[in-house]
Amino acid sequence: MHKQRAKESLETFLQQTYPDMAFEIKQVGYGWTDVTYEFEVVKKDSLAVETTYTFYVSGMEPYEVFSDTIHETNIDKEVSNKLSAEAEQYILTLLQGEVPQVNSVSTDVGVYDHVAEAWTPKLKTPKPMHIMLEIEKGDLTREQMLQQCKTIQELLNNESINYYLTEVGYRSVENGEEIYEYVSFTPDQELTLDDLD
């Protein structure tokens with residue numbers, strides 16, 4: 001039953017992500033230690049050329065697809081790295097205007113081929129990016145952290161930045177040890193104090 005549910009989850013993912021792609025799915029393995037099914041997705045193009053991609057899917061609810069190897073294989077790494085650096089600098093400057101405690105920004109802009117000379121908030125990529133921020137926690141209360149996250153979300157959304165998740169890592173040092181508290185949010189999430197646990 002779990003194998004079938006995992007396969008259905010992968011089929012749904014592929015149909016939503018690559019609606020024009022013809023494919024066949026074969027199960028090739030199961031990882032007992034991490035409860036993960038391994039599938040081979042055979043992509044068939046118009047010339048009947050087959051390309052095989054390996055996908056891993058959780059063997060438990062919600063049967064999550066762990067990595068999109070089709071997307072990863074097609075990424076132009078050199079251009080993507082350049083655009084990521086530009087996005088990080090833009091977002092850092094944008095956020096520090098209202099939230100000066102933001103120390104660093106990291107993103108994963110991924111593009112295929114040479115699609116853009118420079119990154120702008122309007123750049124549409126095959127997949128929205130993941131934004132990771134680091135902030136010194138200092139004496140911030142939970143309410144102040146919540147307000148900061150709401151401000152960050154509003155700034156990103158007002159610029160129409162194409163992201164699917166932002167993670168804010170609040171860094172503090174206790175007894176010489178670095179400790180991080182994370183707050184994650186999507187563009188349309190209503191943030192509450194419960195999201196800070």
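Tutor: Let us begin with the residue classes: Ala, Val, Leu, Ile, Met, Phe, Trp, Tyr, Cys and Pro count as nonpolar, Asp, Glu, Lys and Arg as charged, and the others, Gly among them, as polar. Please keep in mind that this is a predicted model.

Student: How many nonpolar, polar and charged residues does the lining of the largest pocket have?

Tutor: That lining has five nonpolar, three polar and four charged residues. The residues are Phe13, Val65, Phe66, Ser67, Asp68, His71, Glu72, Asp108, Gly110, Lys127, Pro128 and Tyr164. The volume of this largest pocket is about 360 Å³.

Student: What distinguishes a cavity from a pocket?

Tutor: In a cavity a 1.4 Å probe fits but cannot get out, whereas a pocket is an open set of points. This structure holds one cavity of 30 Å³ or more. The largest cavity contains about 40 Å³ of space.

Student: Which residues line the largest cavity?

Tutor: Val109, Trp119, Leu123, Thr125, Lys127, Met129 and Asn162 line it. By class, four of these lining residues are nonpolar, two polar and one charged. Lys127 is also among the residues that line the largest pocket.

Student: Turning to the sheets, in what order do strands 1, 2 and 3 lie?

Tutor: These three strands form an open sheet in the order 1-2-3, with antiparallel pairing. Strand 1 (22-31) and strand 3 (50-58) are the edge strands, as each pairs on one side only. On average, neighbouring strands of this sheet are turned by 25 degrees against each other, direction ignored. Nine bridges join strand 1 to strand 2 (residues 36-44) in the antiparallel sense; Ile25, for instance, has Val41 in strand 2 as its bridge partner.

Student: Which strands does helix 1 touch?

Tutor: Helix 1 (residues 2-17) packs on this sheet and touches strand 1, strand 2 and strand 3. The direction of helix 1 makes about 40 degrees with that of strand 2.

Student: What is the pairing in the open sheet of four strands?

Tutor: The pairing there is mixed, and the strand order is 4-5-6-7. Its edge strands are strand 4 (102-107) and strand 7 (177-185). The twist averages 20 degrees from one strand to the next. Strand 6 (residues 163-174) pairs with strand 7 over nine bridges in the antiparallel sense, and Thr166 has Phe185 in strand 7 as its bridge partner.

Student: Which strands of this sheet does helix 3 touch, and which does helix 4 lie across?

Tutor: Helix 3 (residues 77-96) packs on the sheet and touches strand 4 and strand 5 (129-136), its direction making about 150 degrees with that of strand 4. Helix 4 (residues 142-158) lies across strand 4, strand 5, strand 6 and strand 7, and runs at about 145 degrees to strand 6.

Methods:
Residues numbered from 1 in each chain as written. Predicted model: local features only at pLDDT ≥ 70, side-chain atom pairs only at ≥ 80, totals over all residues. Heavy atoms only, no water. 1 Å grid on protein atoms, 1.4 Å probe; cavity = no way out; pocket = protein on both sides within 12 Å on 5 of 7 lines; lining within 4 Å. Points joined across faces, edges and corners; volume = space filled by probe spheres on them. Pairing = 2+ DSSP bridges. Helix = DSSP H or I, 4+ residues; strand = E, 2+ residues; numbered from the N terminus. Axes fitted to C-alpha atoms, helices over the stretch in contact; angles between N-to-C directions. Contact = heavy atoms within 4.5 Å.
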